[in-house]
Amino acid sequence: MSKVQLQTVLIAAILLLIWWQAGHWYQSQLIIEEKAKVAGHLDSQSNSLSTSITSRLDKLDGLQAFVQAEMGSSPAVLSERFSKFAPHIYPDDGSIINMAIAPGGTFKSVYPAKAGRDMIGESLSSNLTPAFRADIDRAVQTGLMVITPP
């Protein structure tokens with residue numbers, strides 16, 4: 001192999017090594033950019049989810065405060081006041097199916113009334129799944145709100 005051929009092979013090898021390094025660097029830059037995009041998107045989703053959950057919990061806190069304030073009221077007064085109060089905290093976006101008050105474990109007031117007509121007079125302890133029964137027991141034992149699936 002002549003000296004010129006050897007130099008050409010050596011230069012080609014160096015150029016290939018530089019090309020490979022440049023490709024590797026470019027690929028790492030693309031990955032960094034993609035991670036930044038995903039992090040920004042997840043940040044936005046996280047904030048939206050947090051706001052949504054906080055809003056629902058605030059509505060439940062309002063309902064709990066209402067119930068605490070009206071605990072001594074007669075069933076008729078409680079039902080009347082609930083029907084006036086509930087529309088103010090019930091979201092229009094369908095994120096909450098209904099809100100109900102069940103003094104003594106029996107549903108007395110449900111909002112919206114159309115959606116919960118079948119619930120009135122029903123007992124919390126009838127036809128319960130084990131998971132729902134556990135949620136009710138936890139609420140009774142702790143005195144705190146419990147969020148349960150429909």
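Is Arg81 buried, exposed or partly exposed? In this predicted model, Arg81 counts as partly exposed, with a relative accessibility of 40%, and the tour will return to this residue once the overall layout has been seen.

**The whole chain**

Begin with the full chain in cartoon view, where four helices and two strands can be picked out, arranged along the sequence in the pattern α-α-β-β-α-α. Turning the model along its principal axes shows that the C-alpha atoms fill a box of roughly 105 × 35 × 30 Å. The radius of gyration is 31 Å, whereas a compact globule of 150 residues would have a value near 15 Å. If you colour by accessibility, buried residues make up 13% of the 150 residues, and the accessible surface of the chain comes to about 11400 Å², with 62% of that area belonging to carbon and sulfur atoms. Among the contacts with a separation of 6 or more, 30% are between residues 24 or more positions apart.

**Along helix α1**

Next select residues 3-69, which form helix α1, and find Ile11 within this helix. Ile11 belongs to a nonpolar patch on the surface, together with Leu10, Ile14, Leu15 and Ile18, and these residues have about 500 Å² of accessible area together.

Continue to His24, which is also in helix α1 and is partly exposed, with a relative accessible area of 45%. A distance drawn from the C-alpha atom of His24 to that of Pro103 spans 67 Å, for two residues that are 79 positions apart along the chain. Then select Val67, again in helix α1, which counts as partly exposed at 27% relative accessibility. The C-alpha atoms of Val67 and Ala13 are separated by 80 Å, with their positions 54 residues apart along the chain.

**The largest nonpolar core**

Now show the side chains of Leu63, Phe66, Leu78, Phe82, Ala86, Ile89, Tyr90, Ile96, Met99 and Ile101, the 10 residues that make up the largest nonpolar core. Helix α1, helix α2 (75-89) and strand β1 (99-101) each supply at least two residues of this core, and the largest share, four residues, comes from α2. As a general point, nonpolar side chains tend to be buried together in soluble globular proteins.

Centre the view on Phe82, one of the core residues. When its neighbours within four places in sequence are left aside, Phe82 is in contact with Leu63 and Phe66, with Pro87, with Met99, Ala100 and Ile101, and with Ser109, Val110 and Tyr111.

**Three salt bridges**

Which charged pairs should be selected next? The structure holds three salt bridges, and the tour takes them in sequence, starting with Arg81. The side chain of Arg81 meets that of Glu70 in a salt bridge, at 2.7 Å from N to O. This pair links distant parts of the chain, since Arg81 lies in helix α2 and Glu70 in the loop between α1 and α2, 11 residues apart. Glu70 is buried, with a relative accessible area of 11%, while Arg81 is partly exposed.

Staying in helix α2, select Lys84 and Glu80, which form a salt bridge whose closest N and O atoms are 3.3 Å apart. Both residues lie in that helix, four residues apart, or about one turn. Lys84 is exposed, at a relative accessible area of 54%, and Glu80 is partly exposed, at 44%.

For the remaining pair, move to helix α4 (residues 130-142), where Arg138 and Asp135 lie three residues apart, about one turn of the helix. Their side chains meet in a salt bridge, at 2.5 Å from N to O. Arg138 is partly exposed, with a relative accessible area of 41%, whereas Asp135 counts as buried at 13% relative accessibility.

**A cis peptide bond**

Finish at Tyr111 and Pro112, and display the backbone atoms that join them. The peptide bond from Tyr111 to Pro112 is cis, with omega near -5°. Most peptide bonds are trans. Pro112 is found in the loop between β2 (109-111) and α3 (113-116), and Tyr111, on the other side of this bond, is among the residues in contact with Phe82, which leads the view back to the nonpolar core.

How values were computed
Residues are numbered from 1 along each chain as its sequence is written. This is a predicted model: local features need pLDDT of at least 70, side-chain atom pairs count only at pLDDT 80 or more; totals for chains, interfaces and linings use all residues. Side-chain values use heavy atoms; hydrogens and water are left out. Patches are made of residues with over 30% relative accessible area and no salt bridge: like charges are joined within 9 Å, nonpolar side chains (Val, Leu, Ile, Met, Phe, Trp, Tyr) within 5 Å. Accessible areas come from the Shrake-Rupley method with a 1.4 Å probe; for residues, only the protein chains shown count as cover. A salt bridge is a side-chain nitrogen of Lys or Arg within 4 Å of a carboxyl oxygen of Asp or Glu. A nonpolar core is a set of buried Ala, Val, Leu, Ile, Met, Phe, Trp, Tyr and Cys residues joined through side-chain atoms within 4.5 Å. Buried means under 20% relative accessible area, exposed over 50%, partly exposed in between (1.4 Å probe, protein chains only). Contact means heavy atoms within 4.5 Å. The radius of gyration is taken over C-alpha atoms; the globule rule is 2.2 Å times the number of residues to the power 0.38.
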